[in-house]
Amino acid sequence: MNAHEIDYEIFGEEMQYVEVELDPQEAVVAEAGSFMMMDTDIKMNTIFGDGSNQDNSVLGKIFSAGKRMLTGESLFMTAFLNIGQGKKKVSFASPYPGKILPVDLSEMGGRFICQKDAFLCAAKGVSVGIEFSKKLGRGLFGGEGFIMQKLEGDGMSFIHSGGTLAKKTLGPGEVLKVDTGCIVGFTKDVDYDIEFVGGIRNTIFGGEGLFFATLRGPGTVYIQSLPFSRLAGRVLASIPRGGKDKGEGSILGTLGDIVGGDNRF
């Protein structure tokens, strides 16, 4: 498997985007909706699956697209091909505040496992597949279910995380316990399972869920401080009910809004 060799640069702090530089006839594939901007002479095509060309048959393309459906992604991806004479650039943006992680699969043993909505873009030739869990407990209670995304090949891939990104290098047999939603991805040799929190008070009143994710080395693990599900939950919890807000935490509530000059009253 020979993916296209691409150069890149990441810009920004909280809301990052990655700028990919393509030589003539080089291409990058991306999730629908991640495109930001591009130079002229870059041709955009919608393709079935990931465009890795592992199987050029009709059945193979349908199977490739079907695997993406199982991870909750679209059947289609977008390919950006440089059809010009010189170097051209195309940029892709993160969908929410966080960090973009460049993953060189040639340095990861050819495979990297990540949460199902983390993939942003990759050099054409990288296979974006699925990773099934063989453990029932992990599938039922692991937060990400039986299926995670699997990136395979020898090219550059880019995944995004929420909040601040932490990198942990685990030695053989070393275990890291993580909130199930905070996992961004890990290298192929890391063993992933779940563990019951334990204790009646922890279970009923802890507020942190019933299970930890346990990651056992050797390998490298990437952790995000703000999973999108947690961010979305906080936003939903703060939505006014019945047309009334919560007074921004003010003791005075609506009276405080009037005193503060709220023109709705």
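Select phenylalanine 80 in this predicted model. Phenylalanine 80 has 1% relative accessibility and therefore counts as buried, being under the 20% limit. Now add phenylalanine 35, whose relative accessibility is 35%, so this residue counts as partly exposed.

Display both rings together. This is one of seven aromatic pairs in the structure. Phenylalanine 35 and phenylalanine 80 are stacked, with 5.4 Å from centre to centre and 15° between the planes. The pair links distant parts of the chain: phenylalanine 35 belongs to strand β4, phenylalanine 80 to strand β6 (residues 76-82), and 45 residues separate them. Extend the selection to Phe92, which forms one aromatic cluster with Phe35 and Phe80.

Next, move to a second ring pair, phenylalanine 112 and tyrosine 222. Their ring centres lie 6.0 Å apart and their planes meet at 55°, so the pair is tilted. Phenylalanine 112 is in strand β9 (residues 111-114) and tyrosine 222 in strand β19 (residues 219-224); the pair therefore ties together parts that are 110 residues apart in sequence. Are these two residues buried or exposed? Phenylalanine 112 counts as buried, at 0% relative accessibility, and tyrosine 222 is buried as well, with a relative accessible area of 7%.

Turn now to the sheet. Select strands β1, β2, β7 and β4, which in that order make up an open sheet of four strands with antiparallel pairing. At the edges are β1 (7-11) and β4 (35-38), each of which pairs on one side only. From one strand to the next, the twist averages 20°. Within this sheet, focus on residues 17-22 and 88-93: these are strands β2 and β7, which run antiparallel and are joined by six bridges. Select glutamate 19 to find serine 91 of β7 standing opposite.

The next stop is the nonpolar interior. Which residues touch the most other members of the largest nonpolar core? They are Phe92 and Ile159, in a core of 36 residues. The greatest contribution to this core, five residues, comes from strand β10 (residues 119-123). Centre the view on isoleucine 159 and show its surroundings. Leaving aside residues up to four places away in sequence, isoleucine 159 touches several residues, among them Lys99, Ile100, Leu101 and Val103. Its contacts also include Phe112, seen earlier in the tilted pair, together with Cys114, Phe119, Leu151 and Val184.

Finally, select Ile113, Cys182, Val190 and Ala213. These residues are included in a second, separate core of 13 residues.

Note on methods. Residues are numbered from 1 along each chain as its sequence is written. This is a predicted model: local features need pLDDT of at least 70, side-chain atom pairs count only at pLDDT 80 or more; totals for chains, interfaces and linings use all residues. Side-chain values use heavy atoms; hydrogens and water are left out. Two strands pair if DSSP finds at least two bridges between them. Helices (H or I, at least four residues) and strands (E, at least two) are DSSP runs, numbered from the N terminus. Axes are lines fitted to C-alpha atoms, for helices over the stretch in contact, and angles run from 0 to 180 degrees between N-to-C directions. Rings of Phe, Tyr and Trp (its six-membered ring) pair if their centres lie within 6.5 Å; planes under 30 degrees apart count as stacked, over 60 as edge-to-face and the rest as tilted. Buried means under 20% relative accessible area, exposed over 50%, partly exposed in between (1.4 Å probe, protein chains only). A nonpolar core is a set of buried Ala, Val, Leu, Ile, Met, Phe, Trp, Tyr and Cys residues joined through side-chain atoms within 4.5 Å. Contact means heavy atoms within 4.5 Å.
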